[in-house]
Amino acid sequence: MRGEHLTRVVPPMAVVLATLAFGGRVYAGEDVKVLLEILKEKGIITQEEFDQKLKVAREKEEIRAFNEAQDIRRANREIDKRADEERKFKTQIYGQVSAGYYQASNMTSQNLDASGMSDQPKANNRLGFRASRELDADNTAVLTLESNFSARTGAIGRDSAGYGSSNINGVGGALFDREASVRWISKTYGTFVLGRGPNLQNDLSSAFDSRSNWNFGGLKPIGRYAGFHGASGINRADRLFRYISPAWNGFNLDTGVSVGGVAGNDEKGNNYYIGGRYKNGNFEMGYNHAAVKLGSASVPVQEVNNRVDFVAAKLTMEKLTLNAGYVVTRNPNPIANSGSTVLNNTFDPNKTAGRVDANTWFAGAVYRLSPEFSWNAGYYAVDDRTAQTSDNRNNDVRMFATGLTYSPYREWDFFIDYAMARRQAGATGAFTIYDKWAPDTSVGGVNGGYAESRKNQSGVSVGAQYKF
């Protein structure tokens, strides 16, 4: 009988519902459960089949959800890892450029007035690249490559005024003349520097000068004249090993050695310095002792011929900052020149580069008239302590400089400066108020174009500086 052999006819819609429920990706949510209940109500599946298929669907959904979560976690881990690597590794291109116009008197050995486009009138132009890698929470490695350059001629790779060690036949020799070093910075143990770069004297000369180590009427031309700035090994050094300690109650030890690298003679050409800085609230001071052997890579010397003791302090009181310092430079090993009474610890008659006996003191102030305007002034005095001979030399210098700076933006400074230097009669050492760039400084046809003279000088400078 047909009643005894009933055949279930599955409606086409039911087939579709069953396929959706169990084929492909199964989602055991409320929609799947509703579909199964419809099939059960229509007699297509039994209660037992309903329970079994619902269980299978839920298990597949759990597996799918687990795998999807694992994929998301793996992707997030990769993203976090890349972000962490990017956070630990940083690169930076930085620098500054200043230029303008100057006019000054007695700017050459022929005592000629000069005027024209100034180069680096505020501070040395520079372009640098820095790459740092955080090794862990306490240690960071840093690579620094930094070069000087002229905004007037495009010349690169020589420190201002051409007195640096990278000067080769009047042309810039080293591309990264300012710095080519690696640093290991540890919060626990301090900072180690290896390569070519500035030492403590460079940092102190800049930090404790009210004129911010400006090339026009600042501590830098005074320091170059008196022998505590500029010459190779004094404020920058090749083959430098430098250590800066962590701060101990506001004090940092800073010491280093610049090795000569002469085979068979470990002492030849080695330069040493030791000192530090102390900061307590608005008061700061610094000290440096340097024993330098001024020579050259081809003719390194074995005896110290330039010794520097530099001490300075500054105090900030709201809008006013006051500073003062005292420097002693000595040539511990004078050598007679062809049996005459002239010693080699004299000021250079053409251009000064250290190896002198002099006492220098300086003082200054910076007053912030408004957030954008500031006024600065500095007074500098160099007393000649070299052995007096029959030529009755007197290489004293008294220099006063002042200026106004307008900084409408963090990156821009616009400035006007005035400087004057007074010399004694009979001076034999050449000095300049403007420590300018050498590749294009020929004035009045004077060979070499150096701005030094042995007469009084005065001048004005206007310009702008951009920092990036």
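These questions and answers walk through a predicted model.

Visitor: How many residues does helix H3 have, and how far does H3 reach from its first C-alpha to its last?
Guide: H3 covers residues 47–88. That makes 42 residues, with an expected span of 62 Å at 1.5 Å a residue. The reach in the model is close to that, at 60 Å.

Visitor: Which residues of H3 are buried?
Guide: Buried means under 20% relative accessible area. In H3 the residues that meet this are Phe50, Leu54, Ala57, Glu61, Arg64 and Lys88.

Visitor: Which residue meets arginine 64 in a salt bridge?
Guide: Side chains of opposite charge can pair when their charged atoms come close. Here the N to O distance is 3.3 Å. Both partners lie in helix H3, four residues apart, about one turn of the helix. The partner of arginine 64 is glutamate 68.

Visitor: Is glutamate 68 buried, partly exposed or exposed?
Guide: The relative accessibility of glutamate 68 is 40%. Buried needs under 20% and exposed needs over 50%, with partly exposed in between. So glutamate 68 counts as partly exposed.

Visitor: How many salt bridges does a search of the whole structure find?
Guide: The pair of arginine 64 and glutamate 68 meets in a salt bridge. Lysine 122 and aspartate 413 meet in another, at 2.7 Å, N to O. The search of the whole structure finds 14.

Visitor: How many residues apart are lysine 122 and aspartate 413?
Guide: Their side chains meet in a salt bridge. The pair links distant parts of the chain: lysine 122 sits in the loop between strand E2 and strand E3, aspartate 413 in strand E18. Both residues are buried. Along the chain they are 291 residues apart.

Visitor: Which residue is linked with Lys122 and Asp413 in a network of salt bridges?
Guide: Lysine 122 and aspartate 413 meet directly, at 2.7 Å, N to O. The network also holds one other residue, Lys467.

Visitor: Which parts does the salt bridge of aspartate 417 and arginine 211 tie together?
Guide: The closest N and O atoms of this pair are 2.6 Å apart. Both residues are buried. Aspartate 417 lies in strand E18 and arginine 211 in a loop, so the pair ties together parts that are 206 residues apart in sequence. Those parts are strand E18 and the loop between H4 and helix H5.

Visitor: Why is H5 largely enclosed by the rest of the structure?
Guide: The buried residues of H5 include Leu219, Pro221, Ile222 and Tyr225. Charged names are on the list too, among them Lys220 and Arg224. H5 is largely enclosed because its buried residues number eight of the eight.

Visitor: Which residue just after H5 takes a positive phi?
Guide: The phi in question is about 95°. The residue is glycine 227.

Visitor: What is the phi of glutamine 120?
Guide: Most residues other than glycine have a negative phi. Glutamine 120 is found in the loop between E2 and E3. With a relative accessible area of 0%, glutamine 120 is buried. Its phi is positive, about 55°.

Visitor: Is glutamate 318 buried or exposed?
Guide: Glutamate 318 is in the turn of a hairpin formed by E13 and E14, with two residues between the strands. Its phi is also positive, near 55°. The relative accessible area is 81%, so glutamate 318 is exposed.

Visitor: How many bridges join E13 to strand E14?
Guide: The two strands run antiparallel. Valine 311 stands opposite tyrosine 326 in E14. The number of bridges is 11.

Visitor: In E13, which residue is the bridge partner of histidine 289?
Guide: Strand E12 and strand E13 pair in the antiparallel sense over 10 bridges. The partner of histidine 289 is aspartate 309.

Visitor: Which element supplies the largest share of the lining of the second largest pocket?
Guide: This pocket has a volume of about 470 Å³. Its lining has 21 residues, divided into two nonpolar, 10 polar and nine charged. Helix H4 and strand E19 each supply at least two. The largest share, three residues, comes from H4.

Notes:
Residues are numbered from 1 along each chain as its sequence is written. This is a predicted model: local features need pLDDT of at least 70, side-chain atom pairs count only at pLDDT 80 or more; totals for chains, interfaces and linings use all residues. Side-chain values use heavy atoms; hydrogens and water are left out. On a 1 Å grid over the protein atoms alone, a cavity is a set of points where a 1.4 Å probe fits but cannot get out, and a pocket is an open set with protein on both sides within 12 Å along at least five of seven lines; lining residues have an atom within 4 Å of a point. Grid points are joined across faces, edges and corners, and a volume is the space filled by probe spheres set on the points. Ala, Val, Leu, Ile, Met, Phe, Trp, Tyr, Cys and Pro count as nonpolar, Asp, Glu, Lys and Arg as charged, and the others, Gly among them, as polar. Two strands pair if DSSP finds at least two bridges between them. The expected span of a helix is 1.5 Å times one less than its number of residues. Buried means under 20% relative accessible area, exposed over 50%, partly exposed in between (1.4 Å probe, protein chains only). A salt bridge is a side-chain nitrogen of Lys or Arg within 4 Å of a carboxyl oxygen of Asp or Glu.
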